[in-house]
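Reader: I would like a close look at one part of this assembly, taken slowly and with its surroundings included. Please start from a single residue and work outward from there.

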Amino acid sequence: MKKLGRQTVQFEKAPSIIGTATIVGPKEGQGRFKDYYDLILKDSIYQERSWEKAETKILKESVEMAIKNSKVPTAKIDYFIAGDLLNQIISAGFAARELGLPFLGIYGACSTIAQGAIIGAMIIDGDFGENVVAAVSSHFCTAERQFRFPLELGNQRKPTSQWTVTGAGAMVLSAKAHNPRITRATVGKVIDMGEADPNDMGTAMAPAAVDTIVRHFEDTGKTPDDYDLILTGDLGSIGKDIAEELLRQKGYDISNKYTDCGVLIFYPEQDVHAGASGCACAAVVTCGYVYKEMIRGKYNRVLLVATGALLSTTSSQQGETIPCIAHAIALENL
Amino acid sequence: MPVLTKEQQDYKKFSKSKRPKPPLLKNMTMAFVVGGTICVIGQVFLSFFIAKGLTPSQAAGPTSIIMIFFGAFLTGTGVYDKLGKYAGAGSIVPITGFANSIVSPAMEFKREGYVFGVAAKMFVVAGPVLVYGITSATIIGLIYYLLHML
């Protein structure tokens with residue numbers, strides 16, 4: 001049995017990440033991890049006719065680039081697992097149309113990269129394939145028009161609002177022995193603590209992240225000391241504070257090794273209010289900074305807890321509260 | 001609205017204490033300065049038309065048209081959203097803001113075509129203002145009419 005406790009799995013073969021790629025927009029390219037991205041776009045339309053086409057293009061190109069970096073022939077990729085934020089996950093579906101790989105489209109909002117990595121790792125550990133690509137994308141301009149307002153509308157953003165990352169991250173998972181590896185994963189439950197403000201996702205998602213982190217420690221018997229870095233997806237500055245405090249209340253002090261991708265991507269002077277968000281937020285940090293620093297040996301044991309808010313404009317307008325999810329994957333150099 | 005459990009209510013109280021307050025004084029000052037400036041520009045045009053011989057009620061028409069033009073032009077050139085970021089209500093409330101709320105979705109949804117994009121989505125922000133503006137104007141008009149009948 002590969003299952004630990006209630007929600008965690010331990011991979012016998014510990015699938016490795018043998019190649020990644022990240023593409024980001026110009027604003028992200030001025031941020032903290034500018035030296036870790038494979039491609040920084042000069043403009044976010046990327047010579048396309050619409051923002052949606054641009055997002056599809058960066059997702060497709062990040063996958064091609066990750067496959068190239070992994071040195072696995074494209075014909076040996078068994079599955080392509082991807083998702084994004086748009087209705088009917090069109091970026092993923094349309095990228096899959098170009099890529100011609102067996103495709104599983106998934107949706108976990110901004111937690112999608114962890115969801116994809118978990119499914120991919122399970123496929124490999126279950127011997128259903130040798131090589132799997134997991135990828136996600138998000139785009140500030142496609143997200144704004146779907147979830148919020150037209151770009152040129154002169155409205156003021158709330159201090160709690162977050163900035164959707166324009167970018168795509170892809171990782172090639174493989175049965176080959178290589179570092180880093182995905183050793184364990186905790187599939188999160190949907191947690192809804194009654195928050196209903198779509199301009200304050202960090203507050204809504206923090207309890208989901210906390211639930212998954214606590215569950216991960218309880219299921220595996222591990223402690224925060226077993227990790228060099230614990231990284232949540234896109235809680236932003238407010239959500240990160242809340243998560244830290246809730247964890248302390250539950251007896252886990254992780255403050256010396258805990259940070260959040262949404263807090264890190266942009267510098268404070270880039271004026272993104274509470275931080276970054278979007279599928280690409282956790283993905284470009286994991287596939288860029290974390291992956292490259294694990295190869296260099298700066299980090300050897302990382303727990304990524306990607307977070308997602310499972311709301312839509314319809315549910316918000318109907319007054320529904322925000323159901324949230326967080327999935328954890330343990331990345332380790334063995 | 002969904003009924004919240006005790007746990008959810010406690011979390012709401014806790015999270016409220018963590019949430020940063022909007023910088024009200026700064027926002028109000030900016031709204032006053034920018035909104036006031038827009039109104040002064042409007043007043044300059046209004047006074048100009050009156051000086052040219054129009055009555056105040058006649059002069060209101062061309063003044064509005066000019067201000068709407070400025071709002072639409074600055075939206076199209078990508079200036080108005082940057083102004084709105086700092087000015088808030090100061091640039092939303094004047095008629096230039098109304099123009100911005102119609103032109104910005106028209107621009108945004110152009111790629112969905114002129115019928116289902118531009119035309120259908122043009123009033124997605126301003127629509128509620130028009131609906132309730134016209135409705136309340138009609139009701140007030142009726143009340144005014146009825147009072148004069150007495």
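Is Ser101(B) buried or exposed, and what is its relative accessible area?

Author: In this predicted model, Ser101(B) has a relative accessible area of 8%, which lies under the 20% limit, and therefore the residue counts as buried. Ser101(B) sits in helix H6 of chain B, and, when neighbours within four places in sequence are set aside, Ser101(B) is in contact with Met122(B), Val125(B) and Ala126(B) of its own chain and with Leu153(A) across the interface.

That contact with Leu153(A) leads to the interface as a whole, where 36 residues of chain B are in contact with 33 residues of chain A. The size of an interface is often given as the accessible area lost when the parts come together. For chain B and chain A this buried area is about 2800 Å², and carbon and sulfur atoms give 56% of it. Of the area that chain B buries against chain A, 24% is supplied by Tyr11(B), Glu108(B) and Arg111(B), more than by any other three residues.

Polar and charged groups also meet across this boundary. The rule finds 16 residue pairs in polar contact between chain B and chain A, counting pairs in which both residues are at pLDDT 80 or more, and it finds six salt bridges across the interface. In the salt bridge between Lys85(B) and Asp271(A), the closest N and O atoms are 2.6 Å apart. On the side of chain B that touches chain A, helix H1 (6-18), helix H4 (80-87), helix H5 (89-92) and helix H6 (95-108) each supply at least two residues, and the largest share, seven residues, comes from H1(B). By residue class, that side of chain B divides into 15 nonpolar, eleven polar and ten charged residues.

Turning to aromatic rings, the count over all chains comes to 13 aromatic pairs. In chain A, Tyr36(A) and Tyr289(A) form an edge-to-face pair, with 5.0 Å from centre to centre and 85° between the planes. Because Tyr36(A) lies in the loop between strand S3 (16-24) and strand S4 (39-40) of chain A, while Tyr289(A) lies in helix H8 (residues 279-296), the pair ties together parts that are 253 residues apart in sequence. Both Tyr36(A) and Tyr289(A) are buried, and together with Phe33(A) and Tyr299(A) they form one aromatic cluster. Another pair, Phe217(A) with Tyr227(A), is tilted, at 6.5 Å centre to centre and 45° between the planes. Phe217(A) is buried at 2% relative accessible area, and Tyr227(A) is likewise buried at 1% relative accessibility.

A further buried position in chain A is Asp84(A), in strand S5 (residues 79-84), which counts as buried at 0% relative accessibility. Leaving out residues up to four places away in sequence, Asp84(A) touches a set of residues that includes Glu55(A), Ile106(A), Tyr107(A), Ser137(A) and Cys279(A). A polar atom of the Asp84(A) side chain lies 2.8 Å from the backbone nitrogen of Leu86(A), and the side chain of Asp84(A) also reaches the backbone nitrogen of Ser91(A) at 3.3 Å. By contrast with these short distances, the C-alpha atoms of Asp84(A) and Ala330(A), 246 residues apart along the chain, are separated by 22 Å.

Note on methods: Residues numbered from 1 in each chain as written. Chains lettered and ligands numbered in written order. Predicted model: local features only at pLDDT ≥ 70, side-chain atom pairs only at ≥ 80, totals over all residues. Heavy atoms only, no water. Contact = heavy atoms within 4.5 Å. Buried area = accessible area lost by both parts, 1.4 Å probe. Salt bridge = Lys/Arg side-chain N within 4 Å of Asp/Glu carboxyl O. Polar contact = N/O pair within 3.5 Å; in protein donor to acceptor, adjacent residues only side chain to side chain. Helix = DSSP H or I, 4+ residues; strand = E, 2+ residues; numbered from the N terminus. Nonpolar A, V, L, I, M, F, W, Y, C, P; charged D, E, K, R; others polar. Phe/Tyr/Trp six-rings, centres within 6.5 Å; stacked < 30°, edge-to-face > 60°. Buried < 20%, exposed > 50% of the residue type's maximum accessible area, 1.4 Å probe, protein only.
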